[in-house]
Every structure is written in C-alpha cells, then in structure tokens.
Amino acid sequence: MRKKIVAGNWKMNTTVPEGVELAKAVVAKSVEVPAGVGLIVATPATHLCPVAEVVKGTRVELSAENCADKEKGAYTGEVSAAMVASTGAQWTILGHSERRQYYGETDEKLVEKVKLALANSLKVILCVGENLEEREAERHFEVVKTQTENVLFQFTAEEMASIVIAYEPVWAIGTGKTATAEQAEEIHAFIRKVLADHFGKKVAADMTILYGGSCKPSNAKELFAQPDIDGGLIGGASLKADDFIGIALAF
Ligand code: PEP
C-alpha cells in the first residue's frame, strides 16, 4: 500500500533560529497525527543541520528544497546531493515550478539531479504541473505527461520506489486558488495511468502522488479523500505548525 505523506516546503522563509522554532513546534504537534501519515519538512539549505538535530529520533523527516545537478567541484553557491545527505536529511524536493520558472531548471537537468540524489540515498519529491496558460489551452495532460516521461522514464521501476511525485498546478501555488478536488483527482489518476503504461500496474499503484497548491486545513479533507491523492506538498500553510499539522489531520 502506498504511503500517505504531508510535506512542508518552507521555500526562502525563516531565519535559522525561526526555522528551528518552527521545526520544534512541528515535532511537538506531530504526536496528534495518525501513525500512517508521513511528515516531512523541507527547509532552506542553511537550516538543514540544525533542523536535523531537532527532528532526530522523531517521526518528522527532513528534506532539502533542491540540490545541484553536478557531483562536486567549481560550482560556487551550489549544494550537492552528497552535502544534503551529510546533514542527515533523507529527502530532497526537485523540479519545483519556482526553480523551473526562475532558475532555468530543465527536465534534462532534473534527470541529473534525480540521479545524484538517488546515488546519495536521498529520496526525491519530484514536482510536475502546468501553468495557467497551459491549463487554459487545455494542455495540462500533455504538459504533465511530458514532464513525467522526460524525467521519470529515465529511471528503473526499482528506483521509482525512492521517488514521490507532487502534482502542483502552477496557477494554484501561493495564489489562494486551489484546484478543485475533481480537477486534482483527474490529473493524479492520469499520472498513475502514465506510470502504469510504462512501469506496470504495481509501480503505479505503489507511487505516492501529492497535491500542492494553496492546500490548507479547510480544503485538505476533500482533496485527500480522492482515491489518487496521497497527501500534499504544502507551501504557505507549512510555515505555521498548527496549519501544517491541521492539514495532516485531514486524513
Ligand atoms: C508549493 O510551493 O509547493 C506550494 C504548494 O505552495 P502553496 O501551498 O503556498 O500554494
């Protein structure tokens, strides 16, 4: 049975002391969440070491928000997958739409990043999703299929066990506009079919597919009730421990 997960993406928010306090609050409230729900916090790279200390020995897992597409060397300012893993983090988000949009992250670069993450025993939350223009042109299925094929089809069925997909319609991220539960379910079921056609039914059935885009405690229940939605990648609402845990309680 695939895992249910609620992951918080802090983005470029909080100073290190603020992040440590937020992580402590998440850990304290995590006892309220049923055992079967995985909890992950994805923090800025600067926060990984101190937050790793906070979540150590708890049920809360730690993720980076990105890692480099190169192993090591003269790449000033980059943080490698090996560096992320050495902090104690178990996960990295890759391919977030903000990275694709503002930092020229292509599917080709993402293949390299996923390879390096897996080689360093990091699990990956790979983001896919269409922008508003693509949605309005009714190209969302095609866009998501292409992103999935370009990146994930470069990996084996075995490697897919270390990958989670986050479907995040770009028009719903940070805008307050959530995809309706029906819109989200339609794409999640479609992604699962794309996976089934390539990797077989078992890989598709075991794949955790998260929804992301203005998810909050008030709409999480309806979204998570859908058969193909296995949890959420949460941006804004993950900056308040009450809201983040409130979303995880929606299961
Ligand atoms: C995100 O950026 O991953 C996200 C889902 O953001 P928000 O929840 O703020 O829309």
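**Exercise 1. Classify the residues around the ligand, then find its polar contacts.**

Solution. The shell around the ligand has four nonpolar, eight polar and two charged residues. The classes are fixed by residue type: Ala, Val, Leu, Ile, Met, Phe, Trp, Tyr, Cys and Pro are nonpolar, Asp, Glu, Lys and Arg are charged, and the others, Gly among them, are polar. This is a predicted model, where local features need pLDDT of at least 70, side-chain atom pairs count only at pLDDT 80 or more, and totals for chains, interfaces and linings use all residues. Residues are numbered from 1 along each chain as its sequence is written, and side-chain values use heavy atoms, with hydrogens and water left out.

Step 1. List the neighbours. The ligand is surrounded by 14 residues. The closest are Lys-11, His-96, Glu-168, Gly-174 and Ser-214. A residue is near the ligand if one of its heavy atoms lies within 4 Å of it.

Step 2. Look for polar contacts (pairs of N or O atoms within 3.5 Å). Glu-168 places a polar side-chain atom 2.7 Å from a ligand oxygen. Gly-174 uses a backbone N or O atom, 2.6 Å from an oxygen of the ligand. Ser-214 also uses a polar backbone atom, at 2.7 Å from a ligand oxygen.

Step 3. Check the cover. Alone, the ligand exposes 290 Å², and the protein buries 96% of that. The areas come from the Shrake-Rupley method with a 1.4 Å probe.

**Exercise 2. Locate three salt bridges and state how accessible their residues are.**

Solution. The structure holds 18 salt bridges. Each is a side-chain nitrogen of Lys or Arg within 4 Å of a carboxyl oxygen of Asp or Glu. For accessibility, buried means under 20% relative accessible area, exposed over 50%, and partly exposed in between (1.4 Å probe, protein chains only).

Step 1. Take Asp-69 and Lys-70. Their closest N and O atoms are 3.4 Å apart. Asp-69 is buried at 16%, while Lys-70 is partly exposed at 34%.

Step 2. Move to helix H7 (residues 140-152). Here Lys-145 and Glu-149 are four residues apart, so about one helical turn separates them. Their side chains meet in a salt bridge at 3.4 Å, N to O. Lys-145 is partly exposed at 36%, and Glu-149 is partly exposed at 28%. Helices are DSSP runs of H or I, at least four residues, and strands are runs of E, at least two, numbered from the N terminus.

Step 3. Go to helix H9 (residues 181-199). Asp-197 and Lys-193 both lie there, four residues apart, about one turn of the helix. Their salt bridge spans 2.8 Å, N to O. Asp-197 is exposed, at 59%. Elsewhere, salt bridges with shared partners join Arg-2, Arg-192, Asp-228 and Asp-230 into one network.

**Exercise 3. Count the disulfides and account for Cys-49 and Cys-215.**

Solution. A disulfide is a covalent bond between the sulfur atoms of two cysteines. The cut-off is a pair of cysteine sulfur atoms within 2.5 Å. By this rule the count is zero.

Step 1. Test Cys-49. Its closest cysteine sulfur, in Cys-67, is 15 Å away, too far for a bond. Cys-49 is partly exposed, at 47%.

Step 2. Test Cys-215. Its closest cysteine sulfur belongs to Cys-127, 14 Å away, so no bond is possible at that distance. Cys-215 is buried, at 5%.

**Exercise 4. Place Gly-129.**

Solution. Gly-129 sits in the loop between strand S5 (123-128) and helix H6 (132-136). Gly-129 is buried, at 10% relative accessibility. Its C-alpha atom is 9.1 Å from that of Phe-141, twelve residues apart along the chain.

Notes: Polar contact = N/O pair within 3.5 Å; in protein donor to acceptor, adjacent residues only side chain to side chain.
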